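Biologist: Please take a close look at one part of this predicted model, the packing around a single helix, and then follow that part outward to the spaces beside it. I should like one connected account.

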Amino acid sequence: MSYDRTVRLATTDFDAAVAAVRRVLADQGFGVLTEIDVTATLKAKLDHDMEDYLILGACNPPLARRALETDRSIGLLLPCNVVVRRDGDQMLVQALDPGTMVTLTGLDALGPVAEEATARLDAALAALSAP
């Protein structure tokens, strides 16, 4: 089972990729609640060198509310993680497939929330790959 939605970007500039991801997420009603700079963390804690790798915890408050009203434990799967990372000479943007919520919980009532979140994330990812 695939659990990601992924696009490759034309840019090789990591900071430009992160800024573009923030912009397209905002355009789809997502705010970034958390940010984990995996590269810096692994360097500081383990002295391990790694390619650019950033995890953004994105949240669309109306969708989060609907999901939480359906299942209070769904907070374990929130926010929507979006990864911006270097893959060779390209930038990769990956988002967790919201349909995973339905698959993992077995709650069909989460289907409409997952479908809307998927549509919004797909629109954001499509905007990144548009010329």
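Modeller: The place to begin is the contact in which A20, V21, V24 and L25 of α1 meet L121, A124, A127 and L128 of α5. By class, this contact of α1 with α5 holds eight nonpolar residues, with no polar and no charged ones. The two helices pack at an angle of about 140°, and their axes are 9 Å apart. Because an angle over 145 degrees would be needed to count as roughly antiparallel, that value makes α1 oblique to α5. The crossing of α1 and α5 is right-handed. As for extent, α1 covers residues 14-27, and α5 covers residues 111-129.

A cavity belongs to this part of the model. The second largest cavity has a volume of about 40 Å³, and its lining consists of V21, V24, L25, V82, V93, A95, L121, A124, L125 and L128. Several of these names recur from the helix contact: V21, V24 and L25 on the α1 side, and L121, A124 and L128 on the α5 side. Three elements, α1, β5 and α5, each supply at least two residues of this lining. The largest share, four residues, comes from α5. In class, the lining is made of ten nonpolar residues, with no polar and no charged ones.

Helix α5 has a further helix partner. Helix α3, residues 61-70, packs with α5 at an angle of about 160°, with the axes 9 Å apart. That angle is over 145 degrees, so α3 is roughly antiparallel to α5. The crossing in which α3 passes α5 is left-handed, whereas that of α1 and α5 is right-handed. From α3, the residues in contact are L63, R66 and A67, and from α5 they are P112, V113, E116, A117 and R120. This contact divides into five nonpolar, no polar and three charged residues. The contact of α1 with α5, by contrast, has no charged residues.

The α3 side also leads to a cavity. A search of the whole structure finds two cavities of 30 Å³ or more, and the largest has a volume of about 180 Å³. Its lining has 17 residues, of which L77, L78, C80, M101 and A117 are the closest to the centre. Among these, A117 also takes part in the contact of α3 with α5. The elements that give two or more residues to the lining are β3 (53-59), α3, α4 (99-105) and α5. The largest share, three residues, comes from α3. By class, the lining of this cavity has 15 nonpolar, two polar and no charged residues. Thus α5 gives two or more residues to the lining of the largest cavity, and at least two to that of the second largest.

One of the residues closest to the centre of the largest cavity, L78, also marks a feature of the backbone. A cis peptide bond joins L78 and P79, with omega of about -5°. P79 itself lies in the loop between α3 and β4. A second backbone feature is found at D47, which has a positive phi of about 55° although it is not a glycine. D47 is placed in the loop between α2 (38-46) and β3, and β3 is one of the elements contributing to the lining of the largest cavity.

Strand β5, which contributes to the second largest cavity, connects the account to the largest pocket. That pocket holds about 170 Å³ of space and is lined by Y3, D4, Y53, N81, V83, Q94, A95 and L96. Two strands, β4 (80-87) and β5 (90-96), each supply at least two of the lining residues, and β5 gives the most, with three. A95 is named both in the lining of the pocket and in that of the second largest cavity. The pocket lining divides into five nonpolar, two polar and one charged residue, whereas the lining of the second largest cavity is made of ten nonpolar residues.

Key: Residues numbered from 1 in each chain as written. Predicted model: local features only at pLDDT ≥ 70, side-chain atom pairs only at ≥ 80, totals over all residues. Heavy atoms only, no water. 1 Å grid on protein atoms, 1.4 Å probe; cavity = no way out; pocket = protein on both sides within 12 Å on 5 of 7 lines; lining within 4 Å. Points joined across faces, edges and corners; volume = space filled by probe spheres on them. Nonpolar A, V, L, I, M, F, W, Y, C, P; charged D, E, K, R; others polar. Axes fitted to C-alpha atoms, helices over the stretch in contact; angles between N-to-C directions. Parallel < 35°, antiparallel > 145°, perpendicular 65-115°, else oblique. Left-handed = near helix turned anticlockwise from the far one by under 90°. Contact = heavy atoms within 4.5 Å.
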